[in-house]
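Here is a friendly walk through one structure, written for a reader who likes to check geometry. Have the viewer open and follow along.

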Amino acid sequence: MTGEEPIRPDGMRCARCERPDREPLPRQPFPNELGQKLAAEICTECWDEWKQRQMLLINHYGLDVREPRSREFLLTNLRSFLFGEGGEEAEIDSSEEGTVSW
Ligand SMILES: [Zn+2]
């Protein structure tokens with residue numbers, strides 16, 4: 001016993017946590033290029049973290065996910081959270097509740 005986790009033969013290196021033995025998502029979360037990228041590069045654990053984060057954002061900003069601009073906001077945050085893109089991740093600051101401007 002070395003204490004190291006075995007490398008899974010079907011494991012992947014996650015683009016976010018950079019662990020080489022992560023489980024890929026069981027399926028694409030979106031039927032598009034971004035969904036493909038997520039399924040190929042992001043592990044289930046990071047995806048679960050994002051889903052919790054997304055829930056916080058939705059609750060905090062009172063987002064209606066049927067609205068295109070709400071979805072756009074979440075996608076921007078998703079890219080920033082999982083891929084480190086853009087640097088536009090929203091800060092959750094309760095003093096600004098309800099004052100977010102689009
Ligand atoms: Zn990961």
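Donors are N, O and S atoms within 2.8 Å of the metal. With that cut-off, the donors of the zinc ion follow the spacing C-x2-C-x25-C-x2-C along the chain. Please keep in mind that this is a predicted model.

**The zinc site**

The zinc ion is held by the SG atoms of Cys14, Cys17, Cys43 and Cys46, at 2.3 Å. What arrangement do the 4 donor atoms around the zinc ion make? It is tetrahedral, because the angles they subtend run from 104 to 113°, and four donors count as tetrahedral if all angles lie between 85 and 135 degrees. For reference, the ideal angle at a metal with four tetrahedral donors is 109.5 degrees.

Two of these cysteines deserve a second look. Cys17 sits in the segment before H1 and Cys43 in the loop between H1 and H2, so the pair, 26 residues apart, links distant parts of the chain. Is Cys43 buried or exposed? Cys43 is buried, with a relative accessible area of 1%, whereas Cys17 is partly exposed at 33%. The table sets them beside a residue of helix H1.

| Residue | Relative accessible area | Class |
|---|---|---|
| Cys17 | 33% | partly exposed |
| Cys43 | 1% | buried |
| Gln36 | 48% | partly exposed |

Gln36 lies in helix H1. Beyond its neighbours within four places in sequence, Gln36 is in contact with Gln28 and Phe30.

**Helix H3 and what it packs against**

Helix H3 covers residues 68–83, and its length is easy to test. At 1.5 Å a residue, its 16 residues should span 22 Å, and the end C-alpha atoms are 22 Å apart, which agrees. The buried residues of H3 include Phe73, Leu74, Leu78, Phe81, Leu82 and Phe83, and also the polar-lettered Ser70, Asn77 and Ser80. These buried residues pack against helix H1 (33–41) and helix H2 (44–61). Just after H3, Gly84 takes a positive phi of about 65°.

**The chain as a whole**

How many helices and strands does the protein chain have? There are 3 helices and 0 strands, and from the N terminus on the elements run α-α-α. Of the 102 residues in the protein chain, 28% are buried. Among contacts between residues at least 6 apart in sequence, 47% join residues at least 24 apart. The accessible surface comes to about 7100 Å², and carbon and sulfur atoms account for 47% of that surface.

How values were computed. Residues are numbered from 1 along each chain as its sequence is written. This is a predicted model: local features need pLDDT of at least 70, side-chain atom pairs count only at pLDDT 80 or more; totals for chains, interfaces and linings use all residues. Side-chain values use heavy atoms; hydrogens and water are left out. Helices (H or I, at least four residues) and strands (E, at least two) are DSSP runs, numbered from the N terminus. The expected span of a helix is 1.5 Å times one less than its number of residues. Buried means under 20% relative accessible area, exposed over 50%, partly exposed in between (1.4 Å probe, protein chains only). Contact means heavy atoms within 4.5 Å. Donors are N, O and S atoms within 2.8 Å of the metal (3.2 Å for Na, K and Ca); water is not among the atoms, so sites may look incomplete. Four donors count as tetrahedral if all angles lie between 85 and 135 degrees; four count as square planar and six as octahedral if opposite donors are over 155 degrees apart and all others between 65 and 115; anything else is irregular. Accessible areas come from the Shrake-Rupley method with a 1.4 Å probe; for residues, only the protein chains shown count as cover.
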